[in-house]
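Trainee: Could we go through this model slowly, so that I learn what earns each descriptive word its place?

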Amino acid sequence: MQRRMTLWAWLGIAVALVWTLLPIYWFLKMSLLTPDEIARFPPPLIPLDPTPAAYFNIFGFDYQVTPELVRRASGQAGQIINGLINSLIVSIVVTAITMLVVVPLSYVFARLDFRFKQALLITILLSVALPPVSTLIPFYALYVQLGLAGTLFGLIIVTLTITIPFVTWMLIGYLRNLPPVERLARVDGYTRFETLVFIVIPLARSGIAVAAVIAFLFAWNEYTYALVLVNGTPANTLATALSGFLFQHPEPSHLAAALVLSILPPVLVAYFLQRHVAEMNLVDPIR
Amino acid sequence: MAGQVTGAGRTSELSNLQFALLMALPVLLFLVLVVAYPLGYALWMSFQQIVFFGGYRTNFVGLANYATMLGDDKFWWSIWVTIRFTVESVVLAMAIGLALALLLNRPMRWPGLVRTIVMLPWCVSLYGTGIMFSYLATGQTGFATAIAFFFGADRPVSFVNRQWVIEVLAIGNAWNMAPLVAFFLLANLKTIPTRLYDLAAIDRMSPLETFWNVTLPPLRFTLFVFTCITTVLSMKLFDFIFVLSGGGPGTASAVMTYQIYKISFRDLNLGYGAAQSFVLLFLIVGSTMTLYALWGRREAER
Amino acid sequence: MAGIRLEQLKKSFGTFTAVQGLDLDITDGEFLVLLGPSGCGKTTTLNCIAGLETPSAGRILFDDRDVTGDPPHSRNIAMVFQSALLYPHMTARANIEASLRRSDLTPEERRRRIDDAVAMLEIGDLLDKLPSAMSGGQRQRVATAKAIVRQPTAFLLDEPLSALDAALRMTLRAEIVNLQKRLGSTTVFVTHDQVEAMTMGDRIAVMNGGRLEQIGTPSEIYERPQSLFVAGFVGSPPMNLIQGEVADGMFVAGELKVPLAAAPGPVTLGVRPQHLHVRAEGALPCTIFALERLGRETVLIVEDAARNRLRLLVDPEFQGRVGDPLQIAPDPARCLLFDGAKGLIHAPRN
């Protein structure tokens, strides 16, 4: 490997950054534009007179741009704040339950041999392939009967069906690469359960942390189920609040600001993820 | 198998199977319930005609819903759109993901910052990506228009049209998925010993030969896995398309998921929607199995 | 401390039988080495003694107490695993303490035992380090300390030195034997390295294909290997094995003739390199294939007309070059004869 950065490497990084940042920049720019600038055609490449007004507006505050000009709070502010809180609740609860369930599950599949292992594993992995559009109606029908439609609890249950299979599959690969500490633990008299809690989990903490973060991302970004199950109810999430925005032809800067807001928690998450990149080496979970 | 005991007494420890069941059974039950129930329900619906107007009732119509599909042009069109969108998405996501991984694996200044930025799109939700790309690619607000005017053009440049909407969708989808691919490929790249690159340098391999003989072999399994995953994710993708193009213009981007959504929720033809969703499920499972038969089996045997 | 007895021990994994009907008696305080190539069943045997694997059939007795079904911990054994496995996320101290977590010792007794072990192995400065911050030899010492604090019925060591470099292996070999003699504890040591086996064991049990080939002191194994397998496996450089026939009180293989009193028939002659000598004439004509100068002696590798390779030890002053012709002959008083089925059929009286 070359130690020195060549021109090509610089160019490659530049292209990668532009590719990644352009869509985000375009929205960040939009969130900072004044209404006149947004209405202007052609759209400006950079905001000439950037203002954070939209960010105040979507939280329900007026913003004094000039003594004469006040940008009014968004009518959607209640939904945005409500959605933000709901999204946080759903994502945190889903992440917690997912990890509670997935760590023992993937540990068992990664480190033990037992009958029916392959069949069970394939069942779990197959559920990754289910398209949400096919299960929407059955879920909706069930939820209406059980009174779960429009509740956070109902949304949490459905979201778990997305996070559990994927995170299980991911952690199996990671756990399989741990050294064979179980034998040591058996000689020291740890029970199976103690081995998992006191040895394996502390040992695998960085991999488990990455898995938790990925579960959080899935939950935070879930939209299809939320659209049908909680849209327009008090249990709406940030995703549905945002799309509510979209279809009501809102102030574009408000939409952009809300979207930028929805990216912020995952950005912190991305910073965390990249530090643990070396941990995530996949193996074939079936073998 | 481990855990068998014959004759001479048994251990007081749990056997592997017992412990595995104890740990896994509750989750498996949950998953089976929340997966098997909707599947069974959808299967039942696909054999019914479900009527809402004039009181809810269902009639058993056998395979009629499936038969209707054969003569439904929109259905065949949606399959073609789905395939086009999926193939473009997967090729783009894998190529860009691999390129990003190779780039990130080089020694560079501020690696943490660059990696964080490159990982960003993965953290943006699909509906968010949809909103972004719709603004980015439409004429009125688009980036292309801004650039074109900067260079003196006088008409908006839009890509959300019948000709290019699928490509816009595929690019947006790839933008979102590529970091996921890159992340796992990078983890893989980190396991390649530097010695191998030294060896390749001693053998005077060209950069292309080095890539082919040193870098690629350990990535092949992950590449296969993610080809499968991106295929599955693309085929079942709904929210992104719903937000970006709403299946339009016209039916230009009406993929199967959109078609099913429209039939079920707009036309309220639940039986027909369920029948189509089974076709989609079979296409998804079928395409991953095809990938496995053509490619994965070879990789797994390595 | 205790003696260990295996009775008809059998272990299979699915259709593969790893150990088939093993009988073994390990006396109290003995250092027994289980020696064999990889896949011979030696590690499986050790795992059965430890309780990590449950035998498919047979019994394991510690001092006449049947422990076959007991979990590892209640057998009170201590084990050192391949490449001195430790909990990677725990310091040396926590690793050692984990050995005593299920014991009902008083805190003072605990501390005393740990202090003793730490002093004995001179690892005081490692106690707060993580395994990843230690060298291979240091990890080995910590793993040993972790084993001895338990004052176990038996020490079980599974190729603990295999990942270390040669010089360190030599140092630790002596240290382990010294420690074992001081503690007087029953020890089972698994290895595929016959030098380790010869230098460390009170007795060696040679295993092959899930069966016990021979058990005996190192000199018994070396001087009177009971089978062709043992003859070929133990000794460095290895024993020369020459296929031929006995007729009229004479072993004949091509041009090689050795006077030996044995029953006529096809046999294999075994002779150690030090008992094969260069002769002026009237012996087997060979050419030199290679010379390995070890300083104290030189290993001469020669090829006969049929391209069979033979090794012999010669003086360090021996002059010769690759391709030179010479004649060699074995010392008839030092030759062994093997029959493929019956094993050793002729050995010198001593």
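**Words and their cut-offs**

Mentor: Let us begin with N76(C), which is called partly exposed because its relative accessible area is 29%, and this value lies between the limits, since buried means under 20%, exposed over 50% and partly exposed in between, with a 1.4 Å probe and protein chains only. Please keep in mind that this is a predicted model, in which local features need pLDDT of at least 70, side-chain atom pairs count only at pLDDT 80 or more, and totals for chains, interfaces and linings use all residues, while side-chain values use heavy atoms and leave out hydrogens and water. Residues are numbered from 1 along each chain as its sequence is written, and chains are lettered from A and ligands numbered from 1 in the order in which they are written.

Trainee: Where does N76(C) lie, and what is its phi?

Mentor: N76(C) sits in the loop between strand 5 (65–66) and strand 6 of chain C, where helices (H or I, at least four residues) and strands (E, at least two) are DSSP runs numbered from the N terminus. Its phi is positive, about 50°, although N76(C) is not a glycine.

Trainee: Is D248(C) buried or exposed, and how do you know?

Mentor: D248(C) has a relative accessible area of 79%, which puts it in the exposed class. D248(C) belongs to the loop between strand 11 and strand 12 (250–253) of chain C, and with phi near 55° it also has a positive value in a residue other than glycine.

Trainee: Why does L84(A) count as buried?

Mentor: The relative accessibility of L84(A) is 19%, and therefore this residue counts as buried. L84(A) is part of helix 4 (residues 77–111) of chain A, and once its neighbours within four places in sequence are set aside, it is in contact (heavy atoms within 4.5 Å) with F59(A), W220(A), L238(A) and L261(A).

Trainee: What can be said of H254(A)?

Mentor: With a relative accessible area of 7%, H254(A) is buried. Its place is in helix 13 (residues 252–275) of chain A, and, leaving aside neighbours within four places in sequence, its contacts include A54(A), R72(A) and F245(A).

Trainee: What makes helix 11 (residues 256–266) of chain B largely enclosed?

Mentor: Of its 11 residues 8 are buried, so the helix is largely enclosed by the rest of the structure. Among the buried residues of helix 11 of chain B are M256(B), Y258(B), I260(B) and Y261(B). Just after that helix, L268(B) takes a positive phi of about 55°.

**The sheet in chain C**

Trainee: Which strands of the sheet in chain C stand at the edges, and why?

Mentor: The sheet is open and has 6 strands in the order 6-7-8-3-9-10, with mixed pairing. Strand 6 (77–80) and strand 10 of chain C are the edges, since each has a single partner strand, and so one side of each is left without a neighbour in the sheet. On average, and with direction ignored, neighbouring strands of this sheet are turned by 15° against each other. Angles run from 0 to 180 degrees between N-to-C directions, and axes are lines fitted to C-alpha atoms, for helices over the stretch in contact.

Trainee: How do you know that strand 3 (residues 31–35) and strand 8 (residues 186–191) of chain C pair?

Mentor: Two strands pair if DSSP finds at least two bridges between them, and here 5 bridges join strand 3 to strand 8, which run parallel. F31(C), for instance, stands opposite T187(C) in strand 8 of chain C.

Trainee: Which helices lie against this sheet?

Mentor: Helix 4 (residues 136–148) of chain C packs on the sheet, touching strand 6 and strand 7 (154–158), and its direction makes about 170° with that of strand 6. Helix 5 (residues 166–183) of chain C lies across strand 3, strand 7 and strand 8, running at about 140° to strand 3.

Trainee: In what sense do strand 9 (residues 203–208) and strand 10 (residues 211–216) of chain C pair?

Mentor: Their pairing is antiparallel, over 5 bridges, with V206(C) opposite Q214(C) in strand 10. Their hairpin has 2 residues between the strands, and in it G209(C) takes a positive phi near 55°.
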